[in-house]
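User: Hey, got a minute to walk me through this one?

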Amino acid sequence: MPDAPEFHDRMLSLGLGRVSEAAALASARLIGRGDEKAADQAAVDAMRTQLNKLDIKGVVVIGEGERDEAPMLYIGEEVGTGNGPEVDIALDPLEGTTLTAKDMPNALAVIAMGPRGSMLHAPDTYMDKLAIGPGFRRGVVTMDMSPAERVNALASAKGCSTQDITVCVLERPRHEEMIAEIRTTGAAIRLITDGDVAGVVHCAEPSTGIDMYMGSGGAPEGVLAAAALKCMGGQMYGRLTFRNDDERARAKKAGITNLDRVYTRDDMVTGDVIFAATGVTDGSILPGIKREPGFLTAETILMRSKTGSVRRMNYRNPIST
């Protein structure tokens, strides 16, 4: 019996970059048009088409809902040509549908790929998240600390004042008490309206000025963010939170038995991973799609955890007429 094809991340990485590019370019015509669903569907259709050109036996483990929610890229959907390595795929064809519809910053097309069984099958619930960038000892901040304790601990590790720390937080009513506590330390807060994958990635990108991310957001997006940090470096912790018994049942259906577990970055993504993101609207990590007569230009960030490489690619694409 022949050996199963290996996960050659270097060979697959450029193809994955093309997948995120296709999704971003497809949604570009709907930037600022006020139609979130149409923008999301355009990105989904383009991403699926491009994925199905790759020589992989892919299964979507982080997607846009359950099987009965098709035509989205649903959890459990098989993608690829069926020839090639068995892989897990985590994706968000348009992370920031509202951002796209309103032409606001930091909308991205995002996808990650790893060997089969290497990604947490996170249910569609909330996850309490905590992330910092690379260069710190393990456990310098923890989920058991209060928000103020986290700020103080990170400032101590950096050898700076708490006033020199900037924390990224998703602007939601559920975070009001946490925001108030962070402010007591003198730290600055960067509030974002949507797109917490980008929020977590900010921690590992020095140019953003973000030191830490904390707060609750979608659990599937937590796995995507962990995939990015696996490539860039940095620490991340996540703990699932549940609003009702239906969400707990969803977690159990996904194979999660310990509902109180704190997941590290490497618990959420256990093997080598490739991560690609393409800017849809201008943001602090990537510029958005640029229009000029006859062309659209996209920028993609493409990363591999095996080598720690981070590559930026510009793609100038002729507009079909």
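Analyst: Sure, here's a quick tour of domains, annotated sites and a few odd spots. One caveat up front: this is a predicted model.

User: How is the protein split into domains?

Analyst: The domain assignment gives domain 1 as 9–119 + 273–318 and domain 2 as 126–268. Taken over C-alpha atoms, the domain centres are separated by 23 Å. At the contact between them, domain 1 puts in 25 residues and domain 2 puts in 22 residues.

User: OK, sites. Which residues does the UniProt "binding site" annotation with Asp 92 cover?

Analyst: In the unreviewed UniProt entry, that "binding site" annotation covers Asp 92, Glu 95 and Glu 221. They span 130 residues in sequence, but no two of their C-alpha atoms are more than 8.7 Å apart, so they gather at one spot. Asp 92, Glu 95 and Glu 221 are also included in the lining of the largest pocket.

User: Where do Asp 92 and Glu 95 sit?

Analyst: Asp 92 lies in strand E3, residues 86–95, and Glu 95 is in strand E3 too.

User: Buried or exposed, those two?

Analyst: Asp 92 is buried, because its relative accessible area of 9% falls under the 20% cut-off. Glu 95 is buried as well, with a relative accessible area of 3%.

User: And what does Asp 92 touch?

Analyst: Not counting residues up to four places away in sequence, Asp 92 touches Glu 64, Leu 108, Ala 109, Val 110, Glu 221 and Leu 224.

User: What about Glu 95, what is it in contact with?

Analyst: Leaving aside neighbours within four places in sequence, the contacts of Glu 95 include Asn 106, Ala 107, Leu 108 and Val 110. Gly 195, Asp 196, Val 197, Ala 198 and Glu 221 are also among the contacts of Glu 95.

User: Glu 64 came up there. Which "binding site" annotation covers that residue?

Analyst: A UniProt "binding site" annotation, again from the unreviewed entry, covers Asp 40 and Glu 64. They are spread over 25 residues of sequence but cluster in space, with a largest C-alpha distance of 10.1 Å. The lining of the largest pocket includes Asp 40 and Glu 64.

User: Where in the fold are Asp 40 and Glu 64?

Analyst: Asp 40 is found in helix H2, residues 36–51. Glu 64 is in the loop between strand E1 (57–62) and strand E2 (78–79).

User: Does that loop position leave Glu 64 buried or exposed?

Analyst: Glu 64 counts as buried, at 18% relative accessibility. Asp 40 is buried too, with a relative accessible area of 10%.

User: What is Asp 40 in contact with?

Analyst: Setting aside neighbours within four places in sequence, Asp 40 is in contact with Glu 64, Met 72, Leu 94 and Thr 97.

User: Switching topic: where are the positive phi values?

Analyst: Two to look at are Asp 103, with a positive phi of about 55°, and Asn 106, where phi is near 80°. Neither Asp 103 nor Asn 106 is a glycine.

User: Why bother flagging those?

Analyst: Because most residues other than glycine have a negative phi.

User: Fair. Where are they in the chain?

Analyst: Asp 103 is in the loop between helix H3 (97–101) and E4, and Asn 106 is in the loop between H3 and E4 as well. Asn 106 counts as buried, at 13% relative accessibility.

User: What follows in E4, say Met 113?

Analyst: Met 113 lies in strand E4, residues 108–115. Met 113 is buried, with a relative accessible area of 0%. Beyond neighbours within four places in sequence, Met 113 has contacts that include Phe 7, Leu 54, Val 87, Met 119 and Ile 274.

User: How far is Met 113 from Gly 133?

Analyst: Met 113 and Gly 133 are 22 Å apart in space, C-alpha to C-alpha, and 20 residues apart in sequence.

User: Last one: how do E6 and E7 pair up?

Analyst: Strand E6 (residues 166–170) and strand E7 (residues 188–192) run parallel and are joined by five bridges. Val 167 has Ile 189 as its bridge partner in E7.

User: And which helix goes with them in the β-α-β unit?

Analyst: Helix H5, residues 176–184: together E6, H5 and E7 make a right-handed β-α-β unit.

Key:
Residues are numbered from 1 along each chain as its sequence is written. This is a predicted model: local features need pLDDT of at least 70, side-chain atom pairs count only at pLDDT 80 or more; totals for chains, interfaces and linings use all residues. Side-chain values use heavy atoms; hydrogens and water are left out. UniProt positions are given in the numbering used here, feature names are shortened, and annotations may be inferred rather than shown by experiment. On a 1 Å grid over the protein atoms alone, a cavity is a set of points where a 1.4 Å probe fits but cannot get out, and a pocket is an open set with protein on both sides within 12 Å along at least five of seven lines; lining residues have an atom within 4 Å of a point. Helices (H or I, at least four residues) and strands (E, at least two) are DSSP runs, numbered from the N terminus. Buried means under 20% relative accessible area, exposed over 50%, partly exposed in between (1.4 Å probe, protein chains only). Contact means heavy atoms within 4.5 Å. Two strands pair if DSSP finds at least two bridges between them. A crossover is right-handed if, with the strands pointing away from the viewer, the path from the first strand over the helix to the second runs clockwise. Domain bounds come from an automatic or database domain assignment.
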